[in-house]
Amino acid sequence: MIDGGTFDWEASGKFPTLTEAYEGFHDLVFAEEFGPQAFIVRARREGLRDFGACMSPTTAFHVLQGLETLPIRMEKHVANAREVVAFLDEHEAVESVSYPELTSHPDHDLSARLLPRGAGAVFSFDIKGGRDAGRTFIENLSIFSHLANVGDAKSLVIHPASTTHHRMDAEALAAAGIGEGLVRLSIGLEDPRDLIGDLSRALRRASRAAR
Amino acid sequence: MSGARIQVDGRTVYVGTGSGHPDPGAESVVFVHGAGMDHTVWALPARHFARQGLRVAAVDLPGHGRSEGPPLDRIDTLAVWLGEVLDALAIPTAAVVGHSMGSLVAYRFASRMPDRCRALALLGTSAPMPVTDPLLNAAKDNHHAAIDMANTWSHSTGTLGSNANPGVWMLGVGERLLERSAPGVFHADLTACNTFDAKSAGAKIQCPVLVVAGDDDMMTPARAGLDVAQALPDARVVRLEGCGHAMLNERPNEVLDALIGVVPT
């Protein structure tokens, strides 16, 4: 949200919460009290501060700069994700892969219609061997960063059953739609051969530990 | 309400109240803005002292903000006008706070009517307050260059990109405010500063005085503020390191802290 401070709220006559006594702030009139900052002060005091979405100008600059290269980054994210999905889908230590471009996915047709240029780079798969195999797997990855966020330029991984959701037993996890061996990946912009090599090593260790 | 409209010499004058509801006997604090500005520069201190129960009068000088014109182009005339405004508001005595040109109005008011001034705060001050010809001439032509010069020189370079009010564009606030001035207003203000006769201007001032000086002030250098303080019997100086002339914009919290030390409550 950007406000240039040039709009004449009073002349427009359409914004009583800026130009008339406002009960929420003890009859304060924002346009009178803050002049050119009337809108931005109200937006921040009453909207952004309460909800926490306060962006600094520097952050806004980074977002705008990032948007410039987003389309070509997304192409690479998706291309990498497809290679990783194909690898995992064939792997003997993997129970199943949940990625909408696979025909096994329940929303495959919908995805083809809504996301014709690719189903993104965030998906999950189930590793054979449950919770222990999942933990061993993420502990043995070296290129993937072990983080709870998604969409980074670098590849990220999380195993809910041993981290974010470790307090839940198998039944509670199942009720939430999370398998004990479920792993979520967010595929970054690295060389896909490196990513697959990393996954391959960690899967081998995990299946060895599960035996 | 945020402010009140009163009549002075048959013209409407807007006085910001900081949205306070003071008791009838409350002490008063008066704020006088600088050249091309209006009462909104005082939003933080006005609201603070209003919350403390003081009666706040943040005036819009003639031709500024919501007050009718024409602008007055002499500090003496503005000081007389300020007395009339306080009469109209039935404020017998007050702490008077002024920034930049407003500091001269406050200074002159305190000297003309020392018994009405309980305390004085001069922010970004200098006596005399000469204005450079390129700025005066651009303002005379109502050219945007006047706004650019004044606004750029009013801010220290160190604050570029940061604001105590996160997300608010530091330089943009000053620029937009100056752009709101009607033609001729900014030039009248700068003329008032430039013609201010500093000789014996501070005579008779006996009340406690606070001078707030920004070390990086390019409009009224800190040295000039110290000289003003030195000529007064009871003056204290607060220096703001790395701060420019637009101190209410750059360091609102530190300016407020300094004012809390001098404004009687």
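**Exercise 1. Find the backbone feature just after helix 4 of chain B, then describe the helix.**

Step 1. Just after helix 4 of chain B, N142(B) has a positive phi of about 55 degrees. Helices here are DSSP runs of H or I with at least four residues, numbered from the N terminus. The model is predicted: local features need pLDDT of at least 70, side-chain atom pairs count only at pLDDT 80 or more, and totals for chains, interfaces and linings use all residues. Residues are numbered from 1 along each chain as its sequence is written, chains are lettered from A and ligands numbered from 1 in the order in which they are written, and side-chain values use heavy atoms, with hydrogens and water left out.

Step 2. List the buried residues. Helix 4 spans residues 133-140 of chain B, and L135(B), L136(B), A138(B) and A139(B) are buried there. Buried means under 20% relative accessible area, exposed over 50%, partly exposed in between (1.4 Å probe, protein chains only).

Step 3. Check the geometry. Seen down the axis of helix 4 of chain B, the buried residues fall within an arc of 165 degrees, so they line one face of the helix. The arc is taken over directions from the helix axis to the C-beta atoms.

Step 4. Assign both sides. The buried residues pack against helix 5 (144-154) and helix 7 (185-194) of chain B. The face turned away from the buried side carries exposed D133(B) and K140(B).

**Exercise 2. Classify the ring pair W9(A) and F15(A), and place it in its cluster.**

Step 1. Apply the cut-offs. Rings of Phe, Tyr and Trp (its six-membered ring) pair if their centres lie within 6.5 Å; planes under 30 degrees apart are stacked, over 60 edge-to-face, the rest tilted.

Step 2. The structure holds eleven aromatic pairs over all chains. In one of them, W9(A) and F15(A) lie 4.9 Å centre to centre with 85 degrees between the planes, so the pair is edge-to-face.

Step 3. Add accessibility. W9(A) counts as buried because its relative accessibility is 13%. F15(A), at 31%, counts as partly exposed.

Step 4. Ring pairs link F7(A), W9(A), F15(A) and F39(A) into a cluster.

**Exercise 3. Characterise the surroundings of M101(B).**

Step 1. M101(B) is in helix 3 (residues 101-112) of chain B. At 0% relative accessibility, M101(B) counts as buried.

Step 2. Leave aside neighbours within four places in sequence. The contacts of M101(B) (heavy atoms within 4.5 Å) then include H33(B), L61(B), M129(B) and D189(B).

Methods. Helix = DSSP H or I, 4+ residues; strand = E, 2+ residues; numbered from the N terminus.
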